[in-house]
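Visitor: Please take me through the terms used for this model, and set each value against its cut-off before drawing a conclusion.

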Amino acid sequence: MLNRKTVFSASVLFFLGTYAYAQEKEPVQKDTVKTANVEEVVILGSRGGARSKTDSPVPVDVFNLKESSVVLPQTNISQILNAVAPSFTSTIQTNADGTDHLDPAQLRGLGPDQVLVLVNGKRRHTSALVNVNGSPGRGTVGTDLNAIPSFALNRIEVLRDGASAQYGSDAIAGVINLELKRDTGKLAGQVSYGGNLTPTANDHTGDFDGQNIQVDLNYGNKIGKKGGFYNITWTSQFRNPTYRAGTESGTIFNAYNAIEKRALNDGVNLSSLFTNINTTPNSSQLVNYIHQYAQGVDYFSSAFQSQIQGANTISALQGLLTQDVTNQELDARGLTRKDFNMQVGQSKLNNHQLFANIEIPINDNWKVYTFGGYSFRSGTSGGFYRRPNQSRTFTGQYINGYLPQIGTDIQDLSLSAGIKGDWNGWNVDFSNTFGQNSFDYNIQNTGNTSLRFNSPNEFDAGGLRFSQNTINLDFSKKYDVWSGINVAFGAEHRYENFKITAGEEASYSTYDVNGNIWDGTAGTRPTDFFGNVLAGSSQVFAGFRPENAVNKNRQSVAGYADVELNFTDGLLVDAAARYENYSDFGSTFNYKLASRIKLADNLNFRFAGSTGFRAPSIHQIYYNVTSTLFTNNQLLEVGTFSNDSKITGLLGIPKLKQETSKSVSAGLTYRIPAASITVTADGYFTRINDRVILTDQFTRANVPTAAQEAFDAAGVNAGQFFANAIDTETKGLDVVIAHNTRFSGVKLDNSFAINLNQTRRVGGIHSSGLLQSSNLESTFFSEKSRVYLEEAVPRVKASLSHNLAWRGATFYLRNTYFGKVTGADIIDANGDGIVGANEHQQITAKIITDVSVAYQFTKNVGLTLGVNNLFDIYPTKNLPASTNNDQFIYSRSTSQFGQNGRYVFSRLNFNF
């Protein structure tokens, strides 16, 4: 702790000391440094053209990736922003199915689906994945930022203000614009290698894991002589998993497992002697084999051996052979408890991306452009270990159990093309943008237990696909009135399609003793030795069924107007309005008013107020995944039901409608030119009504009588649903202080930024229909869901960074403070022996230190060495109740900074 405090304190002193030194040594007029992060012009948030960040009426952050990519430890967009932007949060997930391969991203503590992403100013499509597991952003659909290579970007602009009136749905928290490179005349590249060097690597045995190799190439050249160009980026990444489980502490083997292992060693598979233990045709043969091979288990006591030999029926043996023999059997098989660990940590990932940015002038006034790319990401993550003593494990095929794996193939395609230019003084931009994201599941190293010996070990479990096509026509014109007026208006048409594809039959079906799909007849399902029925579908992830398959679409049309009035050089007013109509839920009208008032030459006051909306994603309306259970002699459905399903209608759950918001913000910007310091401070408040959430499971037994009748009519036993169920308020403060200077041949950039935010549910829970009951509100919006919404993301996040360049060397230092978060599990956190209804573990605040050094050997070749998380900081360890037999040493349901520990890397940089 002393070392970390020393580095942080030195960092602060470095910030202040260099400022004082620069003032003493250098006259003001000689400071010609143009920093990457201060006083850059911004386009986002205004249709009136570029202006400096401090003159913008709304807060915008600018991050120059083209320059900083040399020294940053992070290589993908989500993790870069998580490190450098305090208002942004994204953490690699673990053991959360598909979410392991797509990091949910949040801005200002709001949901992943409440921030709009643009590329070169054009709307980016969202992912096909619905986050349905226990993690921040549960029930939302976000944008897959990591489908775009960070090496293709020139810079990132982050608008931290509601902007639905300007950009449409989703822009409640703000807008992120990814600006692509336009470089020409050179080939630039990076080859990076790194991994996690930490004592907790490889399930806390130490050494090195999570190796990551990444190759980035960028080439651009001119087209013609009038400013045309093309710029192409290729990225390939090969990432190994990390392993952060502890040591499996639960029971693994029972006495029957020990006996069947001895039999198998002698060529006898006991599972081949029965399919359903209750209808074994030759039970005496099985009993005799158990008597015979029990004698080969040398650690059975003589008394226990006598009991076994004296048991002459299967039922008598069933009562004896559940005895736990884990420790003895591990020794006998030459195994350890760690051999039965889950794979907890980042997933394995291979990622390949191609992106292009092209612009060609037609004449002096018009140009055509296109940009887009293709990415293919193949990921593998682990599920829960299927142990030999569990009925979901068919030991006839997996004598030691198995660790099932969820494989995902994520393909992302985007293409935007348009023409823009000058028409009678109007700037015109007409474009079409297409995007598609698909998420296909391939479940590996697993089995459909009900198929026993006939089960494959790999399944096509189906997949998800989302497509979006957007047509935009935009006009803008400046008038030389007062200090300038800009008028903009335009129209948009958007088409969306969501598709669920069914998996192969064995991935979702349950089979009977004859290998046919089970028809519900009692006593015809396969069982284990103890009479427990063997589960159907592919273990760890059941495939989508034909009944789940959908192919739905919708359309929207919108029109907007935006007027920017510069009454004087000191007074700017921006007003915007937007009307939008959706084919599935109707229309919405939103507006925004923003202003910047110059109080002094270098002091501005700015404020904004707006209404906003987020259309329920087409995924949230139609996503469904169900399975069949046999309950009370009935085949009944359980799972997630779509908003247009029969059960949803019978229960009276309303059709999803748009979320609506009201936002206000106010702030100050201040420049000290003599010191090259810029300060911005912005407070904000956002009220969101009718937020769409994913409820918990309602079971038939726990709902009112009228609702039970609806469950019966629909053939459903339990279900969860998407609903407009809560209202929230978010308030916060962003402060950014930036400083840059040059002295004695040294270029120095310093930056401090902090985000304070709090989101909380306000008002009652909007339960509805037949589920409108006070005792069901905790199911509509559970305590866990409240934690994911309000406390799983840091309320305080700050960063202090320094970038010093001297001759061919660059030194980079950043300290990031991640505030405390709350674990979602309801446990006895204070150790008083009582589990309170709202009792959770607190995960304390931590500081993460990154450092790197880059040296340019020649103008063409350089090398970077660095460390992310220099002091190998980890989150607070879980209390035992949350560890799942010591597998989850750290929380998997919060978003702070991850659990991979220290990451060391080297990077070869070149350009020709």
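Visitor: Why is Glu505 called partly exposed?
Guide: The relative accessibility of Glu505 is 39%, and the term covers values between buried (under 20% relative accessible area) and exposed (over 50%), taken with a 1.4 Å probe and protein chains only, so Glu505 counts as partly exposed. This is a predicted model, in which local features need pLDDT of at least 70 and side-chain atom pairs count only at pLDDT 80 or more, while totals for chains, interfaces and linings use all residues. Residues are numbered from 1 along each chain as its sequence is written, and side-chain values use heavy atoms, with hydrogens and water left out.

Visitor: What makes Glu505 part of a surface patch, and which residues form that patch?
Guide: Asp440, Glu458, Asp460, Glu504 and Glu505 form a negative surface patch. Patch members have over 30% relative accessible area and no salt bridge, with like charges joined within 9 Å and nonpolar side chains within 5 Å; the 39% of Glu505 passes that first cut-off. The patch is called negative because Asp and Glu count as negative, and Lys and Arg as positive. Glu505 also belongs to helix α11, residues 505-508, where a helix is a DSSP run of H or I with at least four residues and a strand is a run of E with at least two.

Visitor: How do you know that Arg108 has an unusual backbone, and is this residue buried or exposed?
Guide: Arg108 has a positive phi of about 55° although it is not a glycine, and its place is the loop between β5 (105-107) and β6 (115-119). Its relative accessible area is 4%, so Arg108 is buried. Asp872 likewise has a positive phi, near 55°, without being a glycine, and it sits in the loop between β36 (861-868) and β37 (903-911). With a relative accessible area of 14%, Asp872 is buried.

Visitor: What makes the contact of Glu157 with Arg155 a salt bridge?
Guide: The closest N and O atoms of Glu157 and Arg155 are 2.9 Å apart, and a salt bridge needs a side-chain nitrogen of Lys or Arg within 4 Å of a carboxyl oxygen of Asp or Glu, so the pair qualifies. Glu157, at 1% relative accessibility, counts as buried, and Arg155, at 7%, counts as buried too. A search of the whole structure finds 41 salt bridges.

Visitor: Why is the salt bridge of Arg554 and Glu496 said to tie together separate parts of the sequence?
Guide: The side chains of Arg554 and Glu496 meet at 2.8 Å, N to O. Arg554 lies in strand β19 (residues 550-568) and Glu496 in strand β18 (residues 485-501), so the pair ties together parts that are 58 residues apart in sequence. Both partners are buried, Arg554 at 4% and Glu496 at 8%. These two residues also belong to a network of salt bridges that links Glu492, Arg494, Glu496, Arg554, Arg578, Glu580 and Asp584.

Visitor: How far apart in sequence are the parts tied together by Asp682 and Arg606?
Guide: The side chains of Asp682 and Arg606 form a salt bridge of 2.8 Å, N to O. Asp682 belongs to strand β26 (residues 677-694) and Arg606 to strand β22 (residues 603-614), so the parts tied together are 76 residues apart in sequence. Asp682 is buried at 1%, and Arg606 counts as buried at 3%.

Visitor: What makes β3 and β8 a pair?
Guide: Two strands pair if DSSP finds at least two bridges between them, and β3 and strand β8 (residues 153-159) have five, in the antiparallel sense, so the condition is met. One of the contacts is that of Asp61, whose bridge partner in β8 is Val158. Val158 in turn has Ile176 as its bridge partner in β9, and six bridges join the antiparallel strands β8 and β9. β6 and β9, by contrast, pair in the parallel sense over five bridges, with Leu118 opposite Asn177 in β9.

Visitor: In what order do the five strands stand, and which are the edge strands?
Guide: The five strands form an open sheet of mixed pairing in the order β3-β8-β9-β6-β7. β3 (60-64) and β7 (122-123) are the edge strands, since each pairs on one side only.

Visitor: Why is β9 called mostly covered?
Guide: Seven of the seven residues of β9 (residues 174-180) are buried. Gly174, Ile176, Leu178 and Leu180 point one way from the strand and Val175, Asn177 and Glu179 the other way, and all are buried.

Definitions and conventions. Areas by Shrake-Rupley, 256 points an atom, 1.4 Å probe, with all protein chains shown as cover. Charge placed at Lys NZ, Arg CZ, Asp CG, Glu CD.
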